[in-house]
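Trainee: Could you take a close look at one part of this model for me? I'd like to hear about one helix pair and the spaces around it.

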Amino acid sequence: MTIASTTPVTTVSSSAERFFGGHASLPVMPEVGRKLLRSLDDDSVSLGQIAELIGKDSTLAAKVLRLANSARYSPSHTISTLQDAAMALGLETLRNLAMAASISATFPEVKGLDRQRFWRHSVRTAGYARLLAKLLQGDADTAYLAGLMLRTGQLMMAMSEADQVTDVEAHAAEPGSRFSLEMHRFGCTHADVTAALAAHWHFPADLVEAFKDANAPLDIRPFSMLAAILHLAEVIADACDQELDRIDAVKLAVPELVEHLHLDLEFLRLRLDACGDPGQDVELMLK
């Protein structure tokens with residue numbers, strides 16, 4: 001996947017586009033964040049280069065160091081430099097932590113959505129998308145980025161229609177139900193608005209299309225594996241948020257998708273249990 005696309009890539013729905021303009025000015029991704037995204041295309045990028053890039057943004061560097069020292073990663077010693085973090089975490093984890101911290105800092109706190117709960121869900125979605133991509137022979141790095149961004153469109157929606165978004169969240173009791181509730185209320189979903197945002201940010205066409213297709217991946221031809229992974233990851237993150245059994249939630253919410261992907265749910269349960277909670281200590285990212 002080429003992250004560095006610089007031309008408009010695809011069309012998005014007018015229902016989604018209405019959330020851009022007025023009070024909802026287009027967020028601007030920091031330059032370091034953009035370079036981190038572009039590094040996904042560079043197979044030769046080194047740990048040292050990623051650490052050096054993160055170090056150019058002192059606020060981002062401080063967040064990454066806090067996360068690297070968190071309970072989730074349980075370092076054997078205090079990690080005091082980005083070079084230490086690079087050696088302890090490895091390239092993929094270091095870059096993912098930095099992207100999560102950079103993208104979350106791009107968006108302001110908005111009325112209608114609890115910031116900590118929102119980003120915990122987003123980081124969980126990213127982690128589960130990465131896990132699913134590895135199970136389904138997808139691109140794990142792209143899946144992580146897409147999962148992290150999947151609900152950012154909802155932030156744009158809340159900037160314009162906070163009360164409506166709050167009401168949707170209050171009624172989204174079943175994992176995966178946010179999609180249908182938003183479609184009924186707004187004529188589009190958070191994933192559609194994220195697709196519009198990704199198009200404004202000149203993301204590549206396949207990623208924009210995956211966001212657009214994430215609402216109902218089985219209804220779209222050609223089938224998008226990434227869209228399916230995103231939908232599944234959000235269902236699992238919803239279940240985690242609501243302290244429900246994640247596999248039972250998947251069985252109930254998307255049985256046809258499970259069948260289409262030939263997912264071994266008991267193996268998925270083992271992998272989910274082994275990966276822990278991707279959203280643990282997310283508050284350290286938001287300080």
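Mentor: Here's a walk through helix H7, its partner H8, and the cavity and pocket that H7 helps to line. Keep in mind that this is a predicted model.

Start with the pair itself. H7 covers residues 115-135 and H8 covers residues 140-149, and their axes come within 7 Å of each other, crossing at roughly 155°. Anything over 145 degrees counts as roughly antiparallel, so H7 and H8 run roughly antiparallel to each other. As for handedness, the H7 and H8 crossing is right-handed.

Now for who touches whom. On the H7 side the contact takes in Trp 119, Ser 122, Val 123, Thr 125, Ala 126, Gly 127, Ala 129, Arg 130, Ala 133 and Lys 134, while H8 brings Ala 140, Ala 143, Tyr 144, Gly 147 and Leu 148. Sort the H7–H8 contact by class and you get nine nonpolar, four polar and two charged residues.

Two of those names, Arg 130 from H7 and Tyr 144 from H8, turn up again at the largest pocket. That pocket holds about 410 Å³ of space. It has 22 lining residues, and the ones closest to its centre are Arg 72, Tyr 73, Arg 130, Tyr 144 and Pro 278. So where does the lining come from? H7 supplies at least two residues, and so do helix H6 (91-106) and H17. By class, the pocket lining has eleven nonpolar, five polar and six charged residues.

Trp 119 of H7, another residue in the contact with H8, leads somewhere else: the lining of the largest cavity. How many cavities of 30 Å³ or more are there? The count comes to one, and about 40 Å³ of space lies in the largest cavity. Besides Trp 119, its lining has Phe 107, Pro 108, Glu 109, Val 110, Leu 113, Arg 115, Phe 118 and Leu 155. H7 gives the most here, with three residues. The cavity lining divides into seven nonpolar, no polar and two charged residues.

H17 deserves a quick side note, since it helps line the pocket. In the loop between helix H16 (255-261) and helix H17 (265-275) sits His 262, which has a positive phi of about 55° although it is not a glycine.

To pull it together: H7 packs against H8 in a roughly antiparallel way, with Arg 130 and Tyr 144 also among the residues closest to the centre of the largest pocket, and Trp 119 also lining the largest cavity.

Note on methods: Residues numbered from 1 in each chain as written. Predicted model: local features only at pLDDT ≥ 70, side-chain atom pairs only at ≥ 80, totals over all residues. Heavy atoms only, no water. Axes fitted to C-alpha atoms, helices over the stretch in contact; angles between N-to-C directions. Helix = DSSP H or I, 4+ residues; strand = E, 2+ residues; numbered from the N terminus. Parallel < 35°, antiparallel > 145°, perpendicular 65-115°, else oblique. Left-handed = near helix turned anticlockwise from the far one by under 90°. Contact = heavy atoms within 4.5 Å. Nonpolar A, V, L, I, M, F, W, Y, C, P; charged D, E, K, R; others polar. 1 Å grid on protein atoms, 1.4 Å probe; cavity = no way out; pocket = protein on both sides within 12 Å on 5 of 7 lines; lining within 4 Å. Points joined across faces, edges and corners; volume = space filled by probe spheres on them.
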